[in-house]
Amino acid sequence: MNIAVAIDTVPQDALPGASEAGTASKRIVVTYGFWIFLLSDIVMFAALFASYAVLVHATAGGPTGARLFNQTTVAIETACLLLSSYSCGLMSLAVNSRNRLGTYLGALITFALGAAFLTLELREFADMIARGATPQRSAFLSAFFTLVGCHGLHVTLGLIWLVVMMIQVTVMGFVTSVQHRLLCFSLFWHALDIVWVGVFTVVYLMGVSP
Amino acid sequence: MTDLRYDRAPGDIPSEELRASSLPEALIYTIGLVVAFVLTATSFWIANTSLLWPGGVGLGLAVLAIAQMGIHLVFFLHLTSGPDSTNNILALAFGLLIVFVVVTGTIWIVSDLNDNMLIPSRDLMNMHIQH
């Protein structure tokens with residue numbers, strides 16, 4: 001009992017620091033590696049943002065952003081992605097407490113909102129192409145389709161990943177490796193939402209404001 | 001789990017013993033959602049209103065976007081300034097440095113090139129067309 005009391009009174013600072021505590025757990029190593037991948041992905045998006053910013057006025061006599069973009073669609077897309085990020089967060093809480101039903105429910109909502117976002121975006125693209133605003137029309141449109149399309153591609157990959165993860169939860173249960181993958185997935189999904197904040201600000205809102 | 005006490009995986013929710021405030025995790029996500037929603041709504045309002053000075057709209061939108069990205073990082077990705085996520089913060093800081101260099105460098109160089117580009121006069125263009 002005396003020993004227990006003594007351990008309780010040891011200040012936290014006396015415990016070894018990160019570098020002295022030995023190798024980090026696999027959960028930390030795996031997600032830290034994924035974190036670095038995400039940051040490199042964000043650097044790639046930064047390059048696409050930069051090329052969009054320098055080409056935004058190079059419309060070659062074609063349609064400008066102010067004529068093409070529909071703000072209502074963008075607002076709904078933004079709401080879909082923000083809410084799916086929220087439900088993804090709640091899903092990771094359910095994963096942490098090994099709550100199977102909560103995980104499925106969170107994943108279902110996340111998937112539905114992500115799919116709604118993707119549908120709206122594809123409809124927007126199809127509408128633009130039908131009006132002659134194809135990627136070949138001008139440098140502005142090439143940059144637009146590259147930037148927004150690359151984000152849409154990431155969302156598509158995220159949706160496929162989510163389906164695969166739900167199959168793994170069903171088949172393998174909440175084993176450690178599945179938990180690591182789910183944590184990586186939620187990182188990926190939140191990062192996509194952060195990129196979308198940049199997209200709707202730079203492309204859609206700055207594009208239409210006078 | 002000594003290492004968990006001092007290092008935290010990015011995006012991981014801090015364990016109960018580490019968190020000074022005892023807010024339930026779901027509440028943290030909800031606060032983040034509400035704040036992000038308010039910032040988004042403000043962005044859309046700023047872009048469409050005529051009440052504000054038009055010259056400041058771009059700057060205002062940029063500030064709101066950066067604020068919202070910060071909200072996402074803190075409330076959704078649980079990034080803190082605590083010693084347990086120093087590595088995550090350092091990696092993020094390096095990423096932001098590269099993003100800053102790429103974006104401002106590109107815009108600066110290309111707009112400078114644009115300004116210095118010689119626009120051929122009408123006579124010169126006619127000459128080109130004739131020959």
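The following exchange looks at the contacts and the empty spaces in a predicted model with chains A and B.

Biologist: What area do chain B and chain A bury between them?

Modeller: The contact between the two chains takes 48 residues from chain B and 47 residues from chain A, while the count of salt bridges between chain B and chain A is zero. Carbon and sulfur atoms carry 78% of the area buried between these chains, and that area comes to about 4200 Å².

Biologist: How many residues does domain 2 of chain B bring to its contact with domain 1 of chain B?

Modeller: The domain assignment of chain B gives domain 1 (1–80) and domain 2 (87–131). The two domains bury about 370 Å² between them, 59% of it on carbon and sulfur atoms, and the count of salt bridges between them is zero. Domain 1 of chain B brings seven residues to the contact, and domain 2 of chain B brings four residues.

Biologist: Where does the largest pocket lie with respect to the domains of chain B?

Modeller: The largest pocket has a volume of about 1300 Å³, and of the 45 residues that line it, the closest to its centre are F49(A), G198(A), V202(A), M69(B) and V103(B). Among the elements that each supply at least two residues of this lining are α3 (57–76) and α4 (86–116) of chain B, together with α2 (26–55) and α7 (176–208) of chain A. Because both domains of chain B give residues to the lining, the largest pocket lies between domain 1 (1–80) and domain 2 (87–131).

Biologist: How many charged residues are there in the lining of the largest pocket?

Modeller: Sorting the lining of the largest pocket by class gives 33 nonpolar and 12 polar residues. The number of charged residues in that lining is therefore read from the same division, which gives no charged residues.

Biologist: Which helix gives the most to the lining of the largest cavity?

Modeller: The structure holds two cavities of 30 Å³ or more, and the largest has a volume of about 120 Å³. Of its 16 lining residues, the closest to the centre are R27(A), S92(A), N96(A), L183(A) and S186(A), and the lining divides into eight nonpolar, six polar and two charged residues. Both α4 (71–96) and α7 of chain A supply at least two residues of the lining, but the most, six residues, come from α7(A).

Biologist: How much space lies in the second largest cavity?

Modeller: Residues including D41(A), F45(A), H154(A) and F188(A) line the second largest cavity, and α2 and α7 of chain A each supply at least two residues of its lining. By class, this lining has seven nonpolar, one polar and one charged residues. The space in the second largest cavity is about 40 Å³.

Definitions and conventions:
Residues numbered from 1 in each chain as written. Chains lettered and ligands numbered in written order. Predicted model: local features only at pLDDT ≥ 70, side-chain atom pairs only at ≥ 80, totals over all residues. Heavy atoms only, no water. 1 Å grid on protein atoms, 1.4 Å probe; cavity = no way out; pocket = protein on both sides within 12 Å on 5 of 7 lines; lining within 4 Å. Points joined across faces, edges and corners; volume = space filled by probe spheres on them. Helix = DSSP H or I, 4+ residues; strand = E, 2+ residues; numbered from the N terminus. Domains from an automatic or database assignment. Contact = heavy atoms within 4.5 Å. Buried area = accessible area lost by both parts, 1.4 Å probe. Salt bridge = Lys/Arg side-chain N within 4 Å of Asp/Glu carboxyl O.
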